Amino acid sequence: MKTFIPDKYHYMPSKKIFLARAGARYKSVINDEKLMDFVNKVYLIGLSNAAPIVYWDVFDKDSIPDGAIPEKFSNYKKFIICASTLGDKFDLVIDKLSEESTMIGMLLDAWGSEALETLNDYFQFHYLQGLSIKTSMRFSPGYGDLNITVNNIYVELLNIAEKVKVNRFGVMLPRKTTTFIAGIND
């Protein structure tokens, strides 16, 4: 297992996209100075409490159990499997702030989801290209023909079960954690 620890700019989500995930219209928010100030404070809370890390490794097709490769990737011989997380502290901050304000908790949750997507995009398209690894699109458990319980297989393959817990339904802790697989283009 290899790790990538990003700089803040590697996972800073677009305000427009993070607000859309939270169900807000960006144009309405940016025209409301008080609301925009509130959103900016939540954004900074996210940045100061996230401890992101990407765990990853390259696997031959034969070393990945049946059902853990999406059918659309059946022609690849090598794969990269990744797990990215914002860490335990981020979950605790969401829980604590949600008790004080549902709106803060909701915005911070949306920020975290978009921060993970931004991190995954950066990792796949910039970091890996710097290592001369070209990959297919990424595919995560819970979509298409890849059952969400495959999260457990990916966590086991990466040997990170002490860092990321997966329940029998495939839900991971920390909550702001994702896994994905991508085929490697030779």
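# A guided tour from alanine 182

Begin by selecting alanine 182, which is buried at a relative accessible area of 0%. The model in the viewer is a predicted one. Alanine 182 has its place in strand 7, which spans residues 177–185. Display its surroundings next: leaving out residues up to four places away in sequence, alanine 182 touches Phe73, Lys78, Phe79, Ile80, Gln124, Thr135, Ser136, Met137 and Arg138. To set a distance across the fold, select aspartate 62 as well; this residue lies 120 residues from alanine 182 along the chain, and the two C-alpha atoms are separated by 15 Å.

**Isoleucine 80 and the largest core**

From alanine 182, move to its contact Ile80. Not counting residues up to four places away in sequence, isoleucine 80 touches Trp56, Asp57, Val58, Phe123, Leu128, Thr135, Phe180, Ile181, Ala182 and Ile184. Isoleucine 80 also appears among the residues with the most contacts inside the largest nonpolar core, together with Phe18, Trp56, Trp111 and Phe123. That core has 35 residues. To see which elements build it, colour helix 1 (15–21), helix 3 (33–49), strand 2, strand 3 (78–85), helix 4 (88–100), helix 5 and strand 7, each of which gives two or more residues. Helix 5 gives the most, with ten residues. Another core, of 22 residues, lies apart from the largest one; among its members are Phe59, Phe79, Tyr154 and Ile160.

**Tryptophan 56 and the aromatic rings**

Now show the aromatic side chains, which form 13 pairs in the model. Centre the view on tryptophan 56 and tyrosine 127: the ring centres are 6.4 Å apart and the planes stand at 80°, so this pair is edge-to-face, the angle being over 60 degrees. Tryptophan 56 belongs to strand 2 (residues 53–60) and tyrosine 127 to helix 5 (residues 102–130), so the pair ties together parts that are 71 residues apart in sequence. Which of the two partners is buried and which is partly exposed? Tryptophan 56 counts as buried, at 4% relative accessibility, whereas tyrosine 127 is partly exposed, at 24% relative accessible area. Extend the selection to Phe4, Tyr122 and Phe123, which ring pairs link with Trp56 and Tyr127 into a cluster.

Keep tryptophan 56 in view and add lysine 2, whose charged end sits over the tryptophan ring, 5.4 Å from its centre. A second arrangement of this kind involves arginine 138: its charged end sits over the ring of phenylalanine 180, 5.6 Å from the ring centre.

**The largest pocket**

Turn next to the largest pocket, with a volume of about 530 Å³. Select Glu117, Ser140, Tyr143, Thr177 and Thr178, which lie nearest its centre among the 21 lining residues. Helix 5 and strand 7 are the elements that give two or more residues to the lining. Helix 5 gives the most, with four residues.

**Methionine 36**

The last stop is methionine 36, in helix 3. Is this residue buried or exposed? Methionine 36 is buried, with a relative accessible area of 12%. Apart from neighbours within four places in sequence, methionine 36 is in contact with Lys15, Val29 and Ile30. Finally, select tyrosine 26, ten residues from methionine 36 along the chain; their C-alpha atoms are separated by 9.5 Å.

Definitions and conventions
Residues numbered from 1 in each chain as written. Predicted model: local features only at pLDDT ≥ 70, side-chain atom pairs only at ≥ 80, totals over all residues. Heavy atoms only, no water. Phe/Tyr/Trp six-rings, centres within 6.5 Å; stacked < 30°, edge-to-face > 60°. Buried < 20%, exposed > 50% of the residue type's maximum accessible area, 1.4 Å probe, protein only. Lys NZ or Arg CZ within 6 Å of the ring centre and 35° of its normal. Core = buried A, V, L, I, M, F, W, Y, C linked by side-chain atoms within 4.5 Å. Contact = heavy atoms within 4.5 Å. 1 Å grid on protein atoms, 1.4 Å probe; cavity = no way out; pocket = protein on both sides within 12 Å on 5 of 7 lines; lining within 4 Å. Points joined across faces, edges and corners; volume = space filled by probe spheres on them.
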